[in-house]
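Some labels get attached to a protein model quickly, and a newcomer may want to know where they come from. Here is a chat that goes through them one by one.

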Amino acid sequence: MKRILTVFFAMILVCLFSIPAYTQTKFETAEDLYYSWAGGSFPDYVCGVWWTDGGKGGNLTIAVQYTDEGLKGIEKIKELVNDDSTLTFTFKKYSYNYLCYVQEELAKLYKTSEEHGLIGTSIADKKNMIVLGIMKGYENNETTEKMIKEITKEYGNLFIVNYTYPPVDDDLHLFGGMTPSGDFGNDNNNESHVFYATVIVSLLLTLIFVFIYRNHTHVLQTTVGMLIPTSPPLSQKNVKRAVKNSSVIYPEDLDKKIMEAINKNH
């Protein structure tokens with residue numbers, strides 16, 4: 001049992017210590033790093049990512065905030081990417097995560113799109129702004145202008161208005177989540193999935209072991225009522241040792257009771 005415990009906990013430690021190693025995974029190019037972000041989440045200091053030369057030279061421009069965190073982030077990114085020639089940096093104001101948050105909040109307005117004409121949004125990485133897709137015919141609509149003023153006051157001056165034709169069929173949110181500044185495809189880095197799988201497997205192994213161990217723990221009861229926890233199988237040697245080491249406790253008046261019983265019989 002001790003050997004099994006040792007092997008089991010060694011496996012758990014290997015899985016747990018592999019988590020920090022994952023977070024320090026090196027990427028060959030900036031594009032590989034981008035896919036890892038797209039598969040999970042972007043660092044808060046990143047404002048946007050786009051092809052520097054339209055994808056011809058394989059170089060990505062990564063916009064970061066001009067803050068201490070953003071400046072440190074540039075160094076972190078350089079450490080993660082082996083090929084520095086695929087990296088270009090610039091500074092922008094709004095975090096990409098914040099732009100995504102605003103997008104989600106604006107999605108609530110789609111229910112009343114007939115009033116203001118807003119049918120979708122997209123993130124313009126290079127401009128670090130959100131494009132509002134408003135149907136043609138709402139250019140001078142008072143409700144539309146009021147909506148734009150309200151969301152600008154609440155979220156900041158980060159909107160570009162684009163009057164477009166109504167969507168067709170299921171393309172209602174045609175703009176939602178798209179990045180017009182570069183087409184990276186839909187491939188995500190599988191390493192984020194490996195990370196979560198490692199954590200889940202570790203937890204499952206722990207639960208399975210605890211369940212099996214608890215259900216295979218037996219108790220040996222001696223003739224005097226003493227309970228001795230054991231783990232199966234229980235060998236004859238263990239039984240003999242348990243019986244040998246058990247002690248019988250006699251009541252103080254046992255001799256007296258024996259004598260009284262003898263006298264009654266006579």
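What follows is a set of questions and answers about this predicted model.

Q: What makes up the protein chain, in terms of helices and strands?
A: The protein chain has nine helices and eight strands. Of its 266 residues, 32% are buried. As for contacts between residues at least 6 apart in sequence, 63% join residues at least 24 apart.

Q: Why is Cys47 called buried or exposed, whichever it is?
A: Buried means under 20% relative accessible area. Cys47 comes in at 1%, so it counts as buried.

Q: And what about Cys100: why does it get the label it has?
A: The middle class lies between the 20% cut-off for buried and the 50% cut-off for exposed. Cys100 has 23% relative accessibility, so it is called partly exposed.

Q: How many disulfides are there, and how do you know?
A: The count comes to zero. To be counted, a pair of cysteine sulfur atoms has to be within 2.5 Å.

Q: What makes a group of residues a nonpolar core here, and which members touch the most others?
A: The members must be buried, come from a set list of residue types such as Leu, Ile and Trp, and be joined through side-chain atoms within 4.5 Å. The largest such core has 39 residues, and Trp37, Val49, Ile62, Ile77, Leu132 and Phe159 touch the most other members. Elements that each supply at least two residues include helix H3 (68–80), strand S2 (60–65) and helix H6 (142–155). Helix H2 gives the most, with five residues. In general, nonpolar side chains in soluble globular proteins tend to be buried together.

Q: Which residues of H2 are buried, and what covers them?
A: The buried ones are Ala30, Leu33, Tyr34, Tyr35, Ser36 and Trp37. Their cover includes S1, S2, H3 and strand S3 (87–92).

Q: Why are S4 and S6 said to stand at the edges of their sheet?
A: The sheet is open and has three strands in the order S4-S5-S6. S4 and S6 each have a single partner strand, so one side of each is left without a neighbour in the sheet. From one strand to the next, the twist averages 25 degrees.

Q: What makes the pairing in this sheet mixed?
A: Two strands count as paired if there are at least two bridges between them. S4 and S5 have six bridges and pair in the antiparallel sense. S5 and S6 are also joined by six bridges, but they run parallel. With both senses present, the pairing is called mixed. As for single bridges, Ala124 has Met129 in S5 as its partner, Ile130 is matched with Phe159 in S6, and Gly133 stands opposite Asn162 in S6.

Q: How do you know that S5 is largely enclosed?
A: Seven of its seven residues are buried, so the rest of the structure largely encloses it. Met129, Val131, Gly133 and Met135 point one way, while Ile130, Leu132 and Ile134 point the other way.

Q: Which residues does Leu132 of S5 touch, beyond its neighbours in sequence?
A: Leaving aside residues within four places in sequence, its contacts include Leu106, Leu118, Ile148, Ile151, Phe159 and Val161.

Q: Which elements join S5 in a β-α-β unit, and which helix lies across the sheet?
A: S5, H6 and S6 make a right-handed β-α-β unit. H4 lies across S4, S5 and S6, running at about 175 degrees to S4.

Q: Where is Asn128, and what is its phi?
A: Asn128 is in the loop between S4 and S5. Those two strands form a hairpin with four residues between them. The phi of Asn128 is near 60 degrees, a positive value in a residue other than glycine.

Q: Why is Asn128 called buried or exposed, whichever it is?
A: Its relative accessibility is 4%, under the 20% cut-off, so Asn128 counts as buried. Among its contacts beyond four places in sequence are Cys47, Tyr94 and Leu99.

Notes
Residues are numbered from 1 along each chain as its sequence is written. This is a predicted model: local features need pLDDT of at least 70, side-chain atom pairs count only at pLDDT 80 or more; totals for chains, interfaces and linings use all residues. Side-chain values use heavy atoms; hydrogens and water are left out. Buried means under 20% relative accessible area, exposed over 50%, partly exposed in between (1.4 Å probe, protein chains only). Contact means heavy atoms within 4.5 Å. Axes are lines fitted to C-alpha atoms, for helices over the stretch in contact, and angles run from 0 to 180 degrees between N-to-C directions. A crossover is right-handed if, with the strands pointing away from the viewer, the path from the first strand over the helix to the second runs clockwise.
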